[in-house]
Amino acid sequence: MNIEIAHLRAFLAVADLGGFGRAARSLKSSQPALSARIRDLEIKVGVTLFDRTTRRVDLSAAGREFLPQARKLLDDLEAALRGLGDLAHRRRGHVAVACAPLLAQVLLPDLVAKFVRRHPGIKVSVIDVATDRIVAKVRSGEADLGIGTFADSETGLARTRLFGDALMLFVPRASGTPRKAATWAEIADAPLIALTRESGLRALVERGFAVTDREARPVYEVGQVATVLALVQAGLGIAVLPAIARTIADERRVAVRALGRPTVAREIELIGSDSRALTPAAKAFAEMVQT
């Protein structure tokens, strides 16, 4: 049975206004076209919905029974269509963003604040997890988007480069470490405070030390960047961290120096699934992050 929205609107207009002429004018339709639509509806449902005389049009018994159901059907359908319109026009929705802990602390808060000011009806969920779990959550659909540094070997992802993030030297503010810049060779014998090997940043640090033919031999290994910086602040050693961590360092007695020969950097990327279209809310967030 192929009943269209126009059938329901025609039926309700005639029922509410008590005649084909008034109903046709309210729908901006001709009376013959409206009459034809009602006849088509009656044929489809197999019953007469209106008792017609030369003077009056009244609902039949079947029409009276159908009236509240038709009204509810049309109200529910129009509500559903309005909901889709709200999603399409980004007036409401939900976007889940998975992000590495450092980026979640430094980068994401301002992005989320900016986004909710633009789209107050859209809820944003932040998932701060390790990089390997970001990829898994994006692939499974638990996260719409991910932000971090990802291996080239990871497949099934749609990638967009956001920015480069070079490694820098973080030292106690009162230390005698060169004030402008340092090389990997110059810090090779300094007490190193490093992230554990579970962090992708550790591999970058080891790559830098490799140019000195030395291994990174941390005196402390911890799981969070904030802990690394707290230990540096306490004067227990130096650290090599991404430039973006300087936001946290500025809140502590930790100085930041350029680190070169070689310059080691990572790429910060925005990822989504390459097999699943972004929702309007997720697309809006992705667009904002890239601007």
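In the predicted model, Ser273 is buried, its relative accessible area being 10%, and this residue belongs to strand E12. Two polar approaches are made by the side chain of Ser273: a polar contact joins it to the side chain of Ser275 at 3.1 Å, and the backbone nitrogen of Arg276 is reached at 3.5 Å. When neighbours within four places in sequence are set aside, Ser273 is in contact with Val138, Gly156 and Ala158.

The strand that holds Ser273 is paired with strand E6. Strand E12 comprises residues 265-273 and strand E6 residues 157-172, and the two run in the antiparallel sense over nine bridges; within this pairing, Thr160 of E6 stands opposite Leu270 of E12. Strand E6 also pairs with strand E11 (residues 254-260), again in the antiparallel sense, over five bridges, and here Met168 is placed opposite Ala258. A further antiparallel pairing, made of four bridges, joins E6 to strand E10 (residues 239-242), where Phe170 has Ala239 as its bridge partner.

The pairing of E6 with E12 is accompanied by a salt bridge between side chains of these strands. Arg266 and Asp165 form this salt bridge, with their closest N and O atoms 3.0 Å apart. Arg266 lies in strand E12 and Asp165 in strand E6, and the pair thereby links parts of the chain that are distant, 101 residues apart. Both Arg266 and Asp165 are buried.

Parallel pairing is found around strand E3. Five of the seven residues of E3 (residues 93-99) are buried, and the strand is therefore largely enclosed by the rest of the structure. Seven bridges connect E3 to strand E4 (residues 122-128) in the parallel sense, with Val126 of E4 serving as the bridge partner of Val97. Strand E5 (residues 145-148) is likewise joined to E3 in parallel, through three bridges, and in E5 the residue that partners Ala98 is Gly146.

The salt bridges in the model come to a count of 15, and those described here include pairs with other settings than that of Arg266 and Asp165. The side chains of Glu154 and Arg139 meet in a salt bridge with an N to O distance of 3.0 Å. Because Glu154 is placed in the loop between E5 and E6 while Arg139 belongs to helix H7 (residues 131-140), this pair ties together parts that lie 15 residues apart in sequence. Glu154 is partly exposed, at 26% relative accessibility, and Arg139 is also partly exposed, with a relative accessible area of 38%. In addition, a network of salt bridges links Arg197, Arg202, Glu206 and Glu221.

Helix H4 provides a salt bridge within one element. Asp76 forms a salt bridge with Lys72, and the closest N and O atoms of the pair are 2.7 Å apart. Since Asp76 and Lys72 are four residues apart in helix H4, about one helical turn separates them. Asp76 is partly exposed, with a relative accessible area of 40%, whereas Lys72 is exposed, with a value of 51%. Helix H4, which spans residues 61-88, also holds Leu84. Leu84 counts as exposed because its relative accessibility is 53%, and together with Leu77 and Leu81 this residue makes a nonpolar surface patch of about 260 Å².

Towards the start of the chain, the contrast between exposure and burial can be followed in Asn2 and Leu41. Asn2 is placed in the segment before helix H1 (5-17) and, at 52% relative accessibility, counts as exposed. Leu41, by contrast, is found in helix H3 (residues 31-45) and is buried, with a relative accessible area of 0%. These two residues are 39 residues apart in sequence, and their C-alpha atoms are 9.2 Å apart in space. Apart from neighbours within four places in sequence, the contacts of Asn2 are with His7 and Lys44. Under the corresponding exclusion of residues up to four places away, Leu41 touches Ile3, His7, Phe11 and Leu49; His7 is thus in contact with Asn2 and with Leu41. Leu41 and Ser153, which are 112 residues apart in sequence, have their C-alpha atoms separated by 58 Å.

Definitions and conventions: Residues are numbered from 1 along each chain as its sequence is written. This is a predicted model: local features need pLDDT of at least 70, side-chain atom pairs count only at pLDDT 80 or more; totals for chains, interfaces and linings use all residues. Side-chain values use heavy atoms; hydrogens and water are left out. Patches are made of residues with over 30% relative accessible area and no salt bridge: like charges are joined within 9 Å, nonpolar side chains (Val, Leu, Ile, Met, Phe, Trp, Tyr) within 5 Å. Accessible areas come from the Shrake-Rupley method with a 1.4 Å probe; for residues, only the protein chains shown count as cover. A salt bridge is a side-chain nitrogen of Lys or Arg within 4 Å of a carboxyl oxygen of Asp or Glu. Buried means under 20% relative accessible area, exposed over 50%, partly exposed in between (1.4 Å probe, protein chains only). Two strands pair if DSSP finds at least two bridges between them. A polar contact is a pair of N or O atoms within 3.5 Å; within protein, one must be able to donate a hydrogen and the other to accept it, and residues adjacent in sequence count only if both atoms are side-chain atoms. Contact means heavy atoms within 4.5 Å.
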